[in-house]
Amino acid sequence: MQTTVNIIGGGLAGAEAAYQLAKRNIKVNLFEAKALKKNEAQTMDSLAELVCSNSLRSNDIHNAAGLMKEELRRLDSLLIRVAEKYQVPAGSALAVDRVGFSEEVTRILRENTNIEIIEKEITEIPEGYTIIASGPLTLDALSVKIKDFIGSDMLYFFDAIAPIVEFDSIDMDKAYFKSRYDKGNADYINCPLTKEEYYNWYNEVINAKTAPLKDFELKVFEGCMPFEEMAKRGYQTLLYGPMKPVGLGKAGEKKPFAVVQLRQDNLRKTMFNIVGFQTHLTFSEQDRIIKMIPGLEKANILRYGIMHRNTFINAPNTINAFYQSKKRNDLFFAGQLSGVEGYVESIASGLVAGINMSRLVRGMDLVEFPAETTIGSQAHYIANCPVEDFQPMNTNFGIFPELGFTHHKTQRKELYVKRALEEIDKFIAGGKID
């Protein structure tokens, strides 16, 4: 009898899990409600939508996010492959044309005969083989059912999205293309501010009106802190964060006191997002504050920033390192709902959940990825972190097992990378993911 796996949610994790199952000749019903009912952050009907930044962060393997991408490449990740096809200039980061990326993932999955995409809101946890990858903005009805299933450990924090402006509306007589310290291509647009301009702008920011918070306690993930909240921590906070001017001076001109950077958002180079400017300001205040920035006085804002609730389960109390429910062995969680943080991390969780679900369906032992890899260390972290201290976290070398031998600290990252790639290659060669 043909066994079908239900996947709830066609975001990054759900799409990757569907591909991993389908390539192993397992039928998938992929449920996605957004064509009928979008959450507060979604704008497109296609799958694998990047709702916040268009950047998947660093591509350098000596950065944990870059190393995770390399591991995913070796494991035949569909989403990393498509991301590279739709890559846009962003220095050492892997940033994508988000529309092209999403549409290509959707096309590939629609054309796969093992996958049926069903546009339907799921309001109950299905019986049988199921992966819940409904995302950090899971619709209310299903969210209630998940909370009922796992108990009281449904947690949340707030995330914010940065605005996007039209390139032709940027005054390039004031702004300029440059990479920090001229490393790599000059892919970023830089808007410089003098000390006086920054002072006036800063005082307007800390007194600007924010949007109301919809009955939730404000608990913001540090990596997505709204820029106005960062500003309120002190006059210099932004100068050491998204507006850091170091290495961004223009030849022949005085070093800027602060710099606002914009990153290309689509292949046509018509849209640029304001880097690090996730915000909770009202739309009218965003318009006013952004247009105070030199070079953006006439900015045409194509998408305003918004703030939204990110929901996640208390992973160590709920799932194991296979992303499998501790309460029901035919149920898996993946993506940000599972307690991982970030685009690449969500893709990795979907890959692991998809591979392990495929093995469960075929009556095989499940596989735990080596803890020495980024993918395995992430799974180990969410499954074993103390329950009372659990918070989502991007992949990082701090959760890797120690090397276990004497070495100079300057060699550590290189050694972590070497060990991780050796372990992932050994893992693949050992047939653990067939």
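Helices (H or I, at least four residues) and strands (E, at least two) are DSSP runs, numbered from the N terminus. The exercises below concern a predicted model, in which local features need pLDDT of at least 70, side-chain atom pairs count only at pLDDT 80 or more, and totals for chains, interfaces and linings use all residues. Residues are numbered from 1 along each chain as its sequence is written, and side-chain values use heavy atoms, with hydrogens and water left out.

**Exercise 1.** Determine the span of helix 10, its burial, and the phi of Gly363.

*Solution.*
1. Helix 10 covers residues 343-361, which is 19 residues.
2. The expected span of a helix is 1.5 Å times one less than its number of residues. From first C-alpha to last, helix 10 reaches 27 Å, close to the 27 Å expected.
3. Burial (under 20% relative accessible area; exposed is over 50%, partly exposed in between; 1.4 Å probe, protein chains only) applies to 19 of the 19 residues, and helix 10 is thus mostly covered.
4. Gly363, just after helix 10, has a positive phi of about 75 degrees.

**Exercise 2.** Classify the pairs that Trp201 forms with Phe227 and with Phe277.

*Solution.*
1. Rings of Phe, Tyr and Trp (its six-membered ring) pair if their centres lie within 6.5 Å; planes under 30 degrees apart count as stacked, over 60 as edge-to-face and the rest as tilted.
2. The search of the whole structure returns 19 aromatic pairs. In one of them, the ring centres of Trp201 and Phe227 are 5.9 Å apart and the planes are at 15 degrees, so this pair is stacked.
3. Because Trp201 belongs to helix 6 (residues 195-206) and Phe227 to helix 7 (residues 227-231), the pair ties together parts 26 residues apart in sequence.
4. Trp201 counts as buried at 1% relative accessibility, and Phe227 does at 3%.
5. Trp201 and Phe277 form a tilted pair, with 5.9 Å centre to centre and 35 degrees between the planes.
6. Phe277 lies in the loop between strand 13 (271-274) and helix 8 (283-290), so its pair with Trp201 in helix 6 ties together parts 76 residues apart in sequence. Phe277 is buried, as is Trp201.
7. One aromatic cluster includes Trp201, Phe227 and Phe277, with Tyr198 and Tyr235 also among its members.

**Exercise 3.** Describe the protein as a whole by its secondary structure and its burial.

*Solution.*
1. The secondary structure comprises 12 helices and 16 strands.
2. Of the 434 residues, 58% are buried.
3. Along the principal axes, the C-alpha atoms fill a box of roughly 70 × 55 × 45 Å.
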